[in-house]
Amino acid sequence: MRLKIRHTTRYQFEAPVHRGLQQLRVTPLAGGNQSVTGWSVEIDQGTKQLEFQDHFGNHVDLIALDTDTQEVTITCGGEVELVENHGVLGRHWGPTPLWLYKRQTDRTKAGVNVRRLARQVEGDSDLDRMHMLKELTADAVAYKTGASEPDWTAEDAVIEGHGVCQDHAHVFIACARVLGLPARYVSGYLMMDDRTDQDAMHAWAEVCLPDLGWVGFDASNRMSPDTRYVRVATGLDYSDAAPVIGTRVGGTGEALSVEIEVAQQQ
Amino acid sequence: MLGKTANGLFWMYRYLERAENTSRLIETGQRMALTRLGSSEAEWKSILQTAGVWHGFEATGEELTKESAIDWLLRSKQNPSSVLMSIEGARQNARLVRTALTLETWEATNACYMKAKELLARKVSERDLPATMGVIRQRTALVRGATHGTMMRNDIYNFARIGTFLERADNTARILDVKYYVLLPSVMSVGSSIDNVQWETILRSVSARGGFRMTYGNQYDPIDIAHFLILDGRMPRSLAFCIRKMRDNLSYLNATYGEVPESSRKIADLEEQYLSRDISAVFDQGLHDYLQAVLSRMSDIGAQIEKDYRFYE
Amino acid sequence: MDQNQVFDEMWGREENLRAPYGLFKSWFDGEEPKRLRAKQREAEELFRLTGITFNVYGQAAAEERLIPFDIVPRIISGLEWQRLSKGIEQRVRAINAFLYDIYHGQEIIKAGRLPERMITDNDAFLPHMIGVQPPGGVYTHIVGIDLVRTDDNQFYVLEDNARTPSGVSYMLENRETMLQMFPELFARNRVQRVENYPSDLRSSLAACAPSVAGSSPTVAVLTPGIYNSAYFEHAFLADQMGVELVEGHDLRVIDGRVAMRTTQGYKPIDVLYRRVDDEFLDPLNFNPDSALGVPGIMDVYRAGGITIANAPGTGIADDKAIYSYMPDIVEFYTGEKALLENVPTWRCSEPDSLAYVLDNLSDLVVKEVHGSGGYGMLIGPTATKKDIAEFRKKLEAKPGNYIAQPTLALSTVPVFTRAGLSPRHVDLRPFVLVSPNKINITPGGLTRVALQKGSLVVNSSQGGGTKDTWVLED
């Protein structure tokens, strides 16, 4: 499958920005079942400073916002060729030690509710158990947009009983780590079958199983990723993999709008 | 050089100059009090005004006496222009720009601060005042001596000098402005002994009695005094002298940096428009108006220097 | 402590004058005590004037205080020093190799020589450094190895300082002061020079510049500012190296580099000798509330645009929990036995060790794994029953936070007192400079001395003083 992606992020500020930097994690990861062609990142009213690979292997662009700007637009896009792997990425590789993915973070800290959920997991194999965890997560946290807060923790989402894909991924990761498995957050694109325009980026989880290696699970859609899923960035939780992380002086009163198109190329 | 360092040098030497100016005012006030009969509160008030610290003092609600005025000028921690706080400010900035100073200059500054802190730890009695002021004058002079004797004549020196002369010009202009009414021609005709005392106060507070006598003899004439303090390029505390020095130092910077920034243009304008006329033109404009205009130009130049040389982010 | 157990570096154990002190002794005997007392006062005046002060942590009024200086030099023979410096060099090489491994393949863990949990549970491990190639392959550009001596030939490493070791300005100023006050001593004794340290530091740092730097790299020192306890040292080193002393707000990321705001605009920095802790270095990547750092500097570093000295994340190598594995670490990376010994250490995280430590608290020194500056430690032999009881509770609550060591009979060196020479316990911090092709150890280092009779605490924050340290040319 070949997907054509175009993603526009626009920040508007009521007060001009005095100075600002943003880390962008918006370039799909090369390797595994993905090959990326002609990917570009363009900035309006900002300047790219540098690029590097972070400690999870993500491609990061650092941009500086123009002084006195009130509107910054980041446009990225290109084509990604995907090979069906049923969500199985295989053996862990790279310098990031596997144990790091067992670390609890602020957002994936296991509280009483997360632990209770994790205890319900059963199955004959790790793979079975993870599929069950995916279902349990989806049952415990109903998918509902606009009713959750972006800074919710896994525990918050279980307590509230609803959330979005980010919350599903956090709950899944928190439980997997309770069960002793390395797990990570994935931020990426999902092509919905019935349309080109997407509301937002998608998020799911990956867990590293002793025999299969890394395997993806999308609790929001109760499935493992297929060729409609494009992996962009990974990390211990959302804060490591978020598409834009920034700091600025000035530029109060931020408004954000996002347009994403994902279409299949014939 | 870092913008921050230029800023630190500028302020280190402004504070040093301020410490000296405030000391001189204390000595002037003390001198006046000794040689006059009757209440001197009004005189002390005008000294505090001259130092630009009257409002701060008034806000404390303290009664104005000779003692309270001297203490406020000399060692109050609430008065940012007191001798002690100025020396502390100079030393704090010296610490900040330590890498730009010679060891001698830094040590002289540090020693000056340690001595001032020791001498001004407690209220200074009237009896000890002359000796204390003497030591402080000596210590600040040592910093100047080390500066002139050991520092390279480069941009470091230029920023130190610009700070010195901006503070000094500001001080002279302020003294004149507080006392401008005693220099007005309409008062001249009176020629009372009170005026003589006022004129002497002015000259004393800028260490200019000797220089004035040398130039004009023993007769005080307010127009001569105004000319001497504003336009006489030989008098090291006159506005003309200080502004010329600032212009010179800015032009050395321009030569080093290879650009002529806005501040240089502004200072040239100031010289041309305000310091190249004769004293009668000053009085025609009105001495107070004239001084206000000069003070506001100087403050604008100070802000422009900050900007041109990136003192702050 | 029983004085007979203690090795004195001037007199040995048997009141036999040791050779390195021979010339000093004959000079001292010919001096009037009154003159020396005057000299001692003069030295203090010199220090005060120069402004060599530090601010004491944990005290409300940040008064600047002097570290007391003692005029009797601590003297080490050339041969002793040769042996020591070999051990130091070996250890510093191992520390750098360890850091590379920990942030790349973690072979030492895979080989079973270091338990994984020593890293996984360790806050000093900085994930942002994973996979990063520091310019020139150097992690610890400046290292201080704290040594203590217990006998003629017995030195122990007390701790490694691989983050931002301080105190080198005292080493230099102590020598400068001695040269000014007692020139005749240096005419008699051939003392190895320490004065080259600042220029060595500059060239060592420049040799680690990133590939984007030109032929003459721009070096700068980053300080938290004038209120930091070691500000004097930061200014001193910048001054002596002839480089700019910058604060976070002087710097920003411009054109992909970290640049400093000069009177003529922004100028890129190639090598930043930072005296700001990792946590405060970059509010974009670490503590967002830090006003001391530079947003994005870590990104410039990861993109190869700047050298940060020491590299972020080096704290994992001087962590007290890792310390007890140093002999294994040295062996693993150099293939040789460690030349310098560690102080025997009980890791309270291990149940058997904990039991032993709890049984012997009154004989042991117990330290917090992450503490520094002599705070939060128990010195068993001098502690009261109440201190011990209180510490026992802390230890039982969080054993993993502590390690314990025997109280060593630290060597003594005489100090000059009203009553003449009198022995006091000392330690030694040699300073090591690391560049891609060279490890440079300044002969001697900083000798810290516990000025209170019998005290073993040499930290300046707890009443310790310093001495000039001589290594003789043999």
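In the predicted model, the axes of helix α1 (residues 112–119) of chain A and helix α4 (residues 165–178) of chain A approach to within 9 Å and cross at roughly 70 degrees. Because angles of 65 to 115 degrees count as roughly perpendicular, α1(A) and α4(A) are roughly perpendicular to each other. The crossing of these two helices, α1(A) and α4(A), is right-handed. On the α1(A) side, the residues in contact are Val114(A), Arg115(A), Leu117(A) and Ala118(A). They meet Val171(A), Ala174(A), Cys175(A) and Val178(A) in α4(A). By residue class, the contact of α1(A) with α4(A) comprises seven nonpolar residues, no polar residue and one charged residue. Arg115(A), in α1(A), belongs to the class counted as charged.

Two interfaces involving chain C were examined. In the contact between chain A and chain C, 19 residues come from chain A and 24 residues from chain C. About 1,900 Å² is buried between chain A and chain C, and 65% of this area lies on carbon and sulfur atoms. The rule for salt bridges finds zero across the interface of chain A and chain C.

For chain C and chain B, 27 residues of chain C are in contact with 27 residues of chain B. The buried area between chain C and chain B is about 2,400 Å², with carbon and sulfur atoms giving 46% of it. Of the area that chain C buries against chain B, 29% is supplied by Leu49(C), Arg261(C) and Thr263(C), more than by any other three residues. Four salt bridges are found across the interface of chain C and chain B.

Salt bridges were also counted over the structure as a whole, and the total over all chains is 65. One of the pairs is formed by the side chains of Asp250(C) and Lys4(B), with an N to O distance of 2.6 Å. Asp250(C) is located in the loop between β7 (244–246) and β8 (251–254) of chain C, while Lys4(B) is part of helix α1 (residues 3–35) of chain B, so this pair joins two chains. A further salt bridge links the side chains of Glu313(B) and Arg252(C), at 3.5 Å from N to O. Both the 2.6 Å separation of Asp250(C) and Lys4(B) and the 3.5 Å separation of Glu313(B) and Arg252(C) satisfy the criterion of a side-chain nitrogen within 4 Å of a carboxyl oxygen.

Definitions and conventions:
Residues numbered from 1 in each chain as written. Chains lettered and ligands numbered in written order. Predicted model: local features only at pLDDT ≥ 70, side-chain atom pairs only at ≥ 80, totals over all residues. Heavy atoms only, no water. Axes fitted to C-alpha atoms, helices over the stretch in contact; angles between N-to-C directions. Helix = DSSP H or I, 4+ residues; strand = E, 2+ residues; numbered from the N terminus. Parallel < 35°, antiparallel > 145°, perpendicular 65-115°, else oblique. Left-handed = near helix turned anticlockwise from the far one by under 90°. Contact = heavy atoms within 4.5 Å. Buried area = accessible area lost by both parts, 1.4 Å probe.
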